[in-house]
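Visitor: Could you walk me through this model, one question at a time?
Guide: Happily! Let us look at it together.

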Amino acid sequence: MTASPRIAAAVAALPLSPGMRVLEIGCGPGVALRLVAARIAPGQVMGIDRSATAIAQARTGCAAGLAAGTILLRHVAAEAFTLLPGEAPFDLAFGLRIGALDGRHPVLGAQVLARLAA
């Protein structure tokens with residue numbers, strides 16, 4: 001899958017460096033995940049999405065990164081996301097077109113930001 005100019009530009013603007021651990025909120029089919037993984041190698045990027053369909057698409061599109069351990073996926077809403085015991089924190093979190101963070105849902109947005117801070 002080829003990245004759209006919008007996704008490619010957004011990932012290019014992220015302050016990424018090799019070895020980082022990055023979280024993408026609302027990863028969809030995983031296009032940005034693959035771009036980020038290439039820029040942070042040997043780092044790791046995790047994609048989360050509330051949609052089971054999106055996670056299934058990302059599993060297919062990111063199969064090589066999943067097998068290599070450079071991409072991780074989790075089916076979870078951003079406001080419910082927590083690190084698993086022993087899981088390292090992230091150096092950077094980003095999301096593209098996330099309804100909970102665009103100002104239309106301030107209560108939900110506050111919940112997401114609280115989860116990210118935790």
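**A tour of the fold**

Guide: This predicted model has five helices and four strands.

Visitor: In what pattern do they follow along the sequence?
Guide: The protein combines five helices with four strands. Read from start to end, the pattern is α-β-α-β-α-α-β-β-α.

Visitor: How does the radius of gyration compare with the globule rule for 118 residues?
Guide: For 118 residues the globule rule gives 13 Å, so the protein is as compact as a globular protein of that length. The radius of gyration is close to that value, at 13 Å.

Visitor: Is strand 1 buried or exposed?
Guide: Take its faces in turn: one side carries Arg21, Leu23 and Ile25, the other Val22 and Glu24. Both faces are covered. Of the five residues in strand 1 (residues 21–25), five are buried.

Visitor: Which residue in strand 4 is the bridge partner of Val22?
Guide: Strand 1 runs parallel to strand 4 (residues 92–95), and four bridges join them. Within that pairing, the partner of Val22 is Leu92.

Visitor: And which residue in strand 2 does Arg21 stand opposite?
Guide: Strand 2 (residues 44–49) pairs with strand 1 in the parallel sense, over five bridges. Helix 2 (residues 31–40) joins these two strands in a right-handed β-α-β unit. Opposite Arg21 stands Gln44.

Visitor: What covers the buried residues of helix 2?
Guide: Those buried residues are Val31, Ala32, Leu33, Val36, Ala37 and Ile40. Their cover includes helix 1 (5–13) and strands 1, 2, 3 (71–75) and 4.

Key: Residues numbered from 1 in each chain as written. Predicted model: local features only at pLDDT ≥ 70, side-chain atom pairs only at ≥ 80, totals over all residues. Heavy atoms only, no water. Buried < 20%, exposed > 50% of the residue type's maximum accessible area, 1.4 Å probe, protein only. Pairing = 2+ DSSP bridges. Right-handed = clockwise from strand over helix to strand, strands pointing away. Contact = heavy atoms within 4.5 Å. Rg over C-alpha atoms; globule rule 2.2 N^0.38 Å.
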